[in-house]
Amino acid sequence: MLSLLNATESTFSIFLVTGIPGLEAMYAWLSIPFSAMFLLTLTGNISIILVIWAERSLHVPMYLFLAMLAASDLGLSISTFPTMLRIFWLDAREMSFPSCFSQMFFIHTFQDFESAVILAMAFDRVVAISKPLHYASILTSGVILKIGLAILIRTFAVQVPLPILLKRLHFCHSNVLSHSYCLHPDIIKLSCSSNKINSIFGLFVVLSTMGLDFLLILLSYFLILKTVLSIASHKGRLKALNTCISHLCAVVLFFTPMICLSMLHRFGPKFPSHVYVLMANMHFLIPPVMNPIVYVVKTKQIRDRIIRIFNKKGLEESCHIN
């Protein structure tokens with residue numbers, strides 16, 4: 001793939017990523033919370049994956065999907081945070097074409113993967129609430145494996161063509177990207193050759209993945225609400241809805257910034273450029289940080305397992321000192 005990317009003929013040989021416009025003087029201070037967020041993201045998501053991997057009692061659909069979500073969050077954060085921190089720490093903005101196209105591929109791949117996993121988790125909640133007695137027979141290990149493979153195949157099928165199609169573009173007007181990392185819409189805007197094919201295919205990818213996923217998630221919650229409202233007891237309804245709170249938080253964290261940014265670009269008033277950059281950063285950076293926190297707080301099994309691990313380490317250290 002990289003050999004194809006190197007074939008791109010352009011006036012420029014590098015792209016320049018952008019930090020947060022207007023806040024350049026604060027980069028040293030901004031690096032502190034962003035570094036803390038990156039460390040928290042790595043710690044939280046790796047902990048969730050390891051706990052689910054080690055605890056056999058958690059090898060059930062809900063937690064297997066959660067491990068997939070943590071893996072996508074981990075990949076998304078590794079694809080985005082280091083570039084931002086390079087800008088804050090070193091003012092290093094240059095990215096070669098192959099590096100930029102590769103980063104774009106991984107960001108959009110993990111973005112689509114996360115969207116599909118959130119949809120799979122919505123399906124899990126529908127089955128758990130609508131057909132609790134048949135839950136184990138419907139969502140078997142084989143079905144989970146097939147869902148995981150389907151997510152991978154769909155993601156790669158739509159994402160692999162994006163960097164390949166970029167090789168036909170010629171960049172000569174400008175090489176300054178408007179975000180802190182390489183995104184497909186941002187790159188094709190800099191092309192001085194026809195980008196119609198890239199634009200149409202990019203729109204198709206967004207609508208057929210995240211757009212479709214969002215509509216199916218809404219349908220899932222319509223079915224969930226329909227089932228919940230048919231439950232006779234008030235306590236039963238609250239108990240059923242409570243199992244969806246963590247997933248609803250994941251939906252809101254992932255889709256809200258993306259929808260707001262899209263609406264602002266198309267219908268909203270003109271805001272300073274740093275508003276759009278911060279909104280995009282919320283979409284890519286906040287879910288990987290917040291999802292582990294939400295699921296650890298709301299999921300007793302994972303929370304207890306993590307507490308048990310830390311308590312065990314504390315006891316071992318105290319015994320060693322004594």
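User: In this predicted model, does C100 count as buried or exposed?

Analyst: The structure is a predicted model, and what decides the matter is the relative accessibility of the residue, where a value under 20% is the cut-off for burial. C100 has a relative accessibility of 0%, so C100 counts as buried.

User: Which residue forms a disulfide with C100?

Analyst: A disulfide requires two cysteine sulfur atoms within 2.5 Å, and the sulfur atom of C100 has a partner at 1.9 Å. This link is left-handed, with -120 degrees about the S-S bond. The residue that forms the disulfide with C100 is C182.

User: How many residues apart in sequence are the parts that the pair of C100 and C182 ties together?

Analyst: C100 belongs to helix 4, which covers residues 97–130, while C182 sits in the loop between helix 7 (161–166) and helix 8 (184–188). C182 counts as buried, because its relative accessibility is 0%. The pair therefore ties together parts whose separation in sequence is 82 residues.

User: Which residue is joined to C172 by a disulfide, and where does that residue lie?

Analyst: C172 itself lies in the loop between helix 7 and helix 8, and the S to S distance of its disulfide is 2.1 Å. With 140 degrees about the S-S bond, this link is right-handed. The pair ties together parts that are 20 residues apart in sequence, because the other end lies in the loop between helix 8 and helix 9, and the residue at that end is C192.

User: What relative accessibility do C172 and C192 have?

Analyst: Partly exposed residues are those between 20% and 50%, and both cysteines of this disulfide are assigned to that class, C172 by its own value and C192 by its own. The relative accessibility of C172 is 27%, and that of C192 is 26%.

User: What is the pairing when the bonded cysteines of the protein chain are numbered in sequence order?

Analyst: The count of disulfides comes to two, one of them between C100 and C182, and another between C172 and C192. With the bonded cysteines numbered in sequence order, the pairing is 1-3, 2-4.

User: Why is the sulfur of C244 without a bond to that of C249, and how far apart are they?

Analyst: For C244, the closest cysteine sulfur is in C249, but the distance is too far for a bond, and C249 is likewise in no disulfide. The surroundings can be described as well, since C244 is buried with a relative accessible area of 1%, whereas C249 counts as partly exposed at 28%. The distance between the two sulfurs is 11 Å.

User: Are helix 9 and helix 10 roughly parallel or roughly antiparallel to each other?

Analyst: The axes of helix 9 (residues 196–229) and helix 10 (residues 234–242) come within 9 Å and cross at roughly 160 degrees. Angles over 145 degrees count as roughly antiparallel, and the two helices are therefore roughly antiparallel.

User: How many residues of the contact of helix 9 with helix 10 are nonpolar?

Analyst: Helix 9 passes helix 10 in a right-handed crossing, and the contact is made by L225, V228 and L229 of helix 9 together with R237, A240 and L241 of helix 10. One residue of this contact is charged and none is polar, which leaves the nonpolar ones, and their number is five.

User: Is T18 buried or exposed?

Analyst: T18 lies in the loop between strand 1 (14–16) and helix 2 (27–54). Leaving aside neighbours within four places in sequence, T18 is in contact with several residues, including I87, R93 and H179. Its relative accessible area is 16%, so T18 is buried.

Technical notes
Residues numbered from 1 in each chain as written. Predicted model: local features only at pLDDT ≥ 70, side-chain atom pairs only at ≥ 80, totals over all residues. Heavy atoms only, no water. Axes fitted to C-alpha atoms, helices over the stretch in contact; angles between N-to-C directions. Helix = DSSP H or I, 4+ residues; strand = E, 2+ residues; numbered from the N terminus. Parallel < 35°, antiparallel > 145°, perpendicular 65-115°, else oblique. Left-handed = near helix turned anticlockwise from the far one by under 90°. Contact = heavy atoms within 4.5 Å. Nonpolar A, V, L, I, M, F, W, Y, C, P; charged D, E, K, R; others polar. Buried < 20%, exposed > 50% of the residue type's maximum accessible area, 1.4 Å probe, protein only.
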